[in-house]
Amino acid sequence: MEKWKDFDGHPYKKIHEENYCNTIFSTEPIELGKEKSSVIKDRFKKPEKIYARCYFPGAVGKVGDKKFRHELWIDGKLAKMIFFKNPPEPDWDTIQVWVSEDEYKSEISELSSGEHEVLLWVIKEEFGGTEVVSEKDSSGNIVQKEKEIWIPKRLSKGKIIYEV
């Protein structure tokens, strides 16, 4: 059983013991600060639309190019990963994802009949320093190069059941 607790001062935002936040889902876009006007649910039935509001444990901070992504997992398998060319603003602590209407439209619309567990992760890659690695150059000589280390940091997780 996962351990979530309320996030101070926010009726919809929860934080997991591993320091990532939750995602809420609705059949309509979930406007920031107006979540209570949306019907929040965790079960959807085809052809309902799926929109997500993904919360972060704090401001996302400075993010490098292609170092911010979200992933869609269906029935325990990675269905698609989307890297942002333009990262979010450093002060953002939430994003909205148009799950069935944009980024993951084909993955959702092509599901076979039955119930499917759909999981959405939001992840930021954080710089973890450098290390020296040995590799062969084009002549076959072993050379040492400095390589950057990037560590994935989970920001948000949400799960629904989608019935086709």
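Thr94 is buried in this predicted model, and its relative accessible area is just 7%. You'll find Thr94 in strand 8. What does its side chain reach? One partner is the side chain of Arg53, with a polar contact at 3.3 Å. Another is the backbone oxygen of Cys54, which the Thr94 side chain reaches at 2.8 Å. Setting aside neighbours within four places in sequence, the contacts of Thr94 are Leu32, Arg53, Cys54, Tyr55 and Phe56. Since 7% falls under the 20% cut-off, Thr94 counts as buried.

Now for the nonpolar inside. In soluble globular proteins, nonpolar side chains tend to be buried together. Here the largest nonpolar core has 24 residues, and the members touching the most others are Val99 and Leu120. Which elements give two or more residues to this core? They are strand 5 (51-55), strand 6 (68-74), strand 8 (94-97), strand 9 (115-136) and strand 10 (142-163). Take a closer look at Val99: beyond its neighbours within four places in sequence, Val99 is in contact with Ile50, Tyr51, Ala52, Leu72, Tyr104, Lys105, Ile108 and Leu120. Another core lies apart from the one around Val99 and has 5 residues, including Ile15, Cys21, Ile24 and Tyr55.

Some nonpolar side chains sit on the outside instead. Leu78, Met81 and Phe83 make up a nonpolar patch on the surface, and together they have about 250 Å² of accessible area. Met81 belongs to strand 7 (residues 77-83). Is Met81 buried or partly exposed? With a relative accessible area of 33%, Met81 is partly exposed.

Next come the charged pairs. Side chains of opposite charge can pair when their charged atoms come close. The model has 12 salt bridges, and here are three of them:

| Salt bridge | N to O distance |
|---|---|
| Glu18 and Arg154 | 3.8 Å |
| Glu115 and Arg43 | 2.5 Å |
| Glu135 and Lys145 | 3.4 Å |

Let's start with Glu18 and Arg154, whose closest N and O atoms are 3.8 Å apart. Glu18 is in the loop between strand 2 (14-16) and strand 3 (21-26), while Arg154 is in strand 10, so this pair ties together parts that are 136 residues apart in sequence. On the surface side of things, Glu18 is exposed, with a relative accessible area of 52%, and Arg154 is partly exposed at 41%.

Then there's the bridge between the side chains of Glu115 and Arg43, at 2.5 Å from N to O. Why does it tie together parts that are 72 residues apart in sequence? Because Glu115 lies in strand 9 and Arg43 in strand 4 (residues 43-45). Arg43 has 41% relative accessibility and counts as partly exposed.

The last pair in the table is Glu135 with Lys145, at 3.4 Å between the closest N and O atoms. The pair links strand 9, where Glu135 lies, with strand 10, where Lys145 lies, and the two residues are 10 apart. Glu135 is partly exposed, with a relative accessible area of 34%. Lys145 is partly exposed too, at 44%.

Which residues are linked in a network of salt bridges? That would be Arg69, Glu71 and Glu125.

How values were computed:
Residues are numbered from 1 along each chain as its sequence is written. This is a predicted model: local features need pLDDT of at least 70, side-chain atom pairs count only at pLDDT 80 or more; totals for chains, interfaces and linings use all residues. Side-chain values use heavy atoms; hydrogens and water are left out. A nonpolar core is a set of buried Ala, Val, Leu, Ile, Met, Phe, Trp, Tyr and Cys residues joined through side-chain atoms within 4.5 Å. Buried means under 20% relative accessible area, exposed over 50%, partly exposed in between (1.4 Å probe, protein chains only). Helices (H or I, at least four residues) and strands (E, at least two) are DSSP runs, numbered from the N terminus. Contact means heavy atoms within 4.5 Å. A polar contact is a pair of N or O atoms within 3.5 Å; within protein, one must be able to donate a hydrogen and the other to accept it, and residues adjacent in sequence count only if both atoms are side-chain atoms. Patches are made of residues with over 30% relative accessible area and no salt bridge: like charges are joined within 9 Å, nonpolar side chains (Val, Leu, Ile, Met, Phe, Trp, Tyr) within 5 Å. Accessible areas come from the Shrake-Rupley method with a 1.4 Å probe; for residues, only the protein chains shown count as cover. A salt bridge is a side-chain nitrogen of Lys or Arg within 4 Å of a carboxyl oxygen of Asp or Glu.
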